[in-house]
Amino acid sequence: MTAVSTADRARYLELVGDGAQAAAVDFALALTERGVPPRDVVLDLVAPTQARIGELWARNEWSVAQEHVATHVSEQVVAALAARHRPQHSGRGVLVVACVDGEWHALPARMFAEVTRWDGWDVRFLGASVPGPHLISYLHRHGPDVVAVSCSVPTRLAAAHRVIEAAQGAGIPVLAGGRGFGPAARWGLRLGADRVAASAGEAVEVLRTWLLPAVGQYDPLRESFVSDDEHVLIAKRNTQLVAAAMDDLAQRFPALAGYSAHQREATEYDLGQIVEFLCAALFVDDTELFTTFLQWLRVVLGTRGVPPSSVDLVLDLYAQQLYDFPRARAQLAAGRRS
Ligand code: B12
């Protein structure tokens, strides 16, 4: 069987970087004509290229516009592969695939959807950011065998949790996946998903061997896994925390006075993101979620001329503001050490 090569990936990156849609589609289809299974084109060509695009953006080598155009081309490539290569059968069962509310990374979910379709599932792909109540009413109406929830950013984990519980309450078992569920999708298990998978390839195996229960695993008496509601209280104070940090930063970080309106807005956005990731880390009670985000943020800011030490300053400011939130202070201290 023919495989995707490093040279293929380099060429594909060039094509999507140029926004060369027709050429990228032809390139991907030609690989399948050479004998590469369409699933491998998605998982070994498109997926790693998308990850590479994320790195190029984070390191300020590609603009947001370049990332958007490349992602759009990749979406067309996945669509073309799906249109050209129809599954041989669809007898495994009905699988609904949806991104959780507020989750706009539709392409990872789409890749997963097509890969499972090629494996014989009758897939209904609902796309990006599906509001929880709408997803649940869809499940009631169509009664699939499984619902697969996709989450790429951990700040959407609370929304994922609501949907997992509601789907199970409706008797539909839940498979959770996407990088937002963390290493080996472990936060998916923490949130009560019936099964998790770290990649689409792994998910195919999980789905094949999973004897679906007649009803979901939902237990209304199941104890909550979070011992307190620090994440809820802090989320409500997000605007207030950001405003206080901006005031404080203006005094300690004189360069802020010279910032343009756009730069100020971007700074406020980043400060808000720190609070959102802190809340997500409190929600699943895992410092790795917060420290991974901070490492990424330091790279992003560093390559855009903002000293990474400014992140530590913000963590200190939040720790002062959140003096009566012990778990948040522990997360902030871990973030400081990371
Ligand atoms: C393109 C992109 C976007 C596009 C998405 C467009 C689209 N149509 O999908 C847009 C511009 C919307 C976007 C927005 C943002 N993004 Co973005 N984005 C990306 C990028 C570059 C590529 C995404 C992609 O296609 N990945 C490729 C697939 C293959 O990745 P994958 O997650 O591994 O998916 C596989 C598995 O997880 C699995 N899978 C997926 N879903 C499911 C579901 C189930 C049930 C199962 C079992 C498996 C499964 O199957 C896939 C194939 O194996 C990634 C970089 C990256 N490394 O992924 C960043 C990335 C995901 N984004 C990131 C961020 C931070 C953001 C923003 C917050 C940026 C911002 N400042 O606004 C927003 C958040 C928006 C939101 N709330 O959703 C970060 C997340 C960091 C973190 N700590 O989690 C990343 C990782 C970039 C980074 N590190 O530099 N983004």
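This report walks through the domains, the ligand shell, one helix residue and the cysteines of a predicted model.

## Ground rules

Since the model is predicted, local features need pLDDT of at least 70 and side-chain atom pairs count only at pLDDT 80 or more, while totals for chains, interfaces and linings use all residues. Numbering starts from 1 along each chain as its sequence is written, and side-chain values use heavy atoms, with hydrogens and water left out.

## Domains

The protein chain is split into domain 1 (1-85), domain 2 (89-225) and domain 3 (230-337); these bounds come from an automatic or database domain assignment. Taken over C-alpha atoms, the centres of domain 1 and domain 3 are 34 Å apart. Even so, four residues of domain 1 are in contact with five residues of domain 3, where contact means heavy atoms within 4.5 Å.

## Around the ligand

Which residues come nearest to the ligand? They are E75, W104, H105, S150 and W296, out of 38 residues around it; a residue is near if one of its heavy atoms lies within 4 Å. By type, the shell divides into 23 nonpolar, eleven polar and four charged residues. Here Ala, Val, Leu, Ile, Met, Phe, Trp, Tyr, Cys and Pro count as nonpolar, Asp, Glu, Lys and Arg as charged, and the others, Gly among them, as polar.

Several elements chip in at least two shell residues each, including helix 3 (38-58), helix 5 (106-118), strand 3 (146-150) and helix 12 (261-284). Helices (H or I, at least four residues) and strands (E, at least two) are DSSP runs, numbered from the N terminus. As for N and O atoms, a side-chain one in S150 sits 2.8 Å from a ligand nitrogen, and a side-chain one in Y269 is 2.8 Å from a ligand oxygen. L107 uses a backbone N or O atom instead, 3.0 Å from an oxygen of the ligand.

## T49 in helix 3

T49 belongs to helix 3 and is buried, at a relative accessible area of 3% (buried means under 20%, with a 1.4 Å probe and protein chains only). Its side chain reaches back to the backbone oxygen of L45, at 2.6 Å. Leaving aside residues up to four places away in sequence, T49 touches R9, Y12, L13 and V16.

## Cysteines without partners

How many disulfides does the structure hold? Zero, with a disulfide taken as a pair of cysteine sulfur atoms within 2.5 Å. The C99 sulfur can't bond because the closest cysteine sulfur, in C151, is 8.8 Å away. C279 is in no disulfide either, with the nearest cysteine sulfur, again that of C151, 15 Å off. C99 is buried, at a relative accessible area of 1%, and C279 is buried at 10%.

Technical notes: Buried means under 20% relative accessible area, exposed over 50%, partly exposed in between (1.4 Å probe, protein chains only). A polar contact is a pair of N or O atoms within 3.5 Å; within protein, one must be able to donate a hydrogen and the other to accept it, and residues adjacent in sequence count only if both atoms are side-chain atoms.
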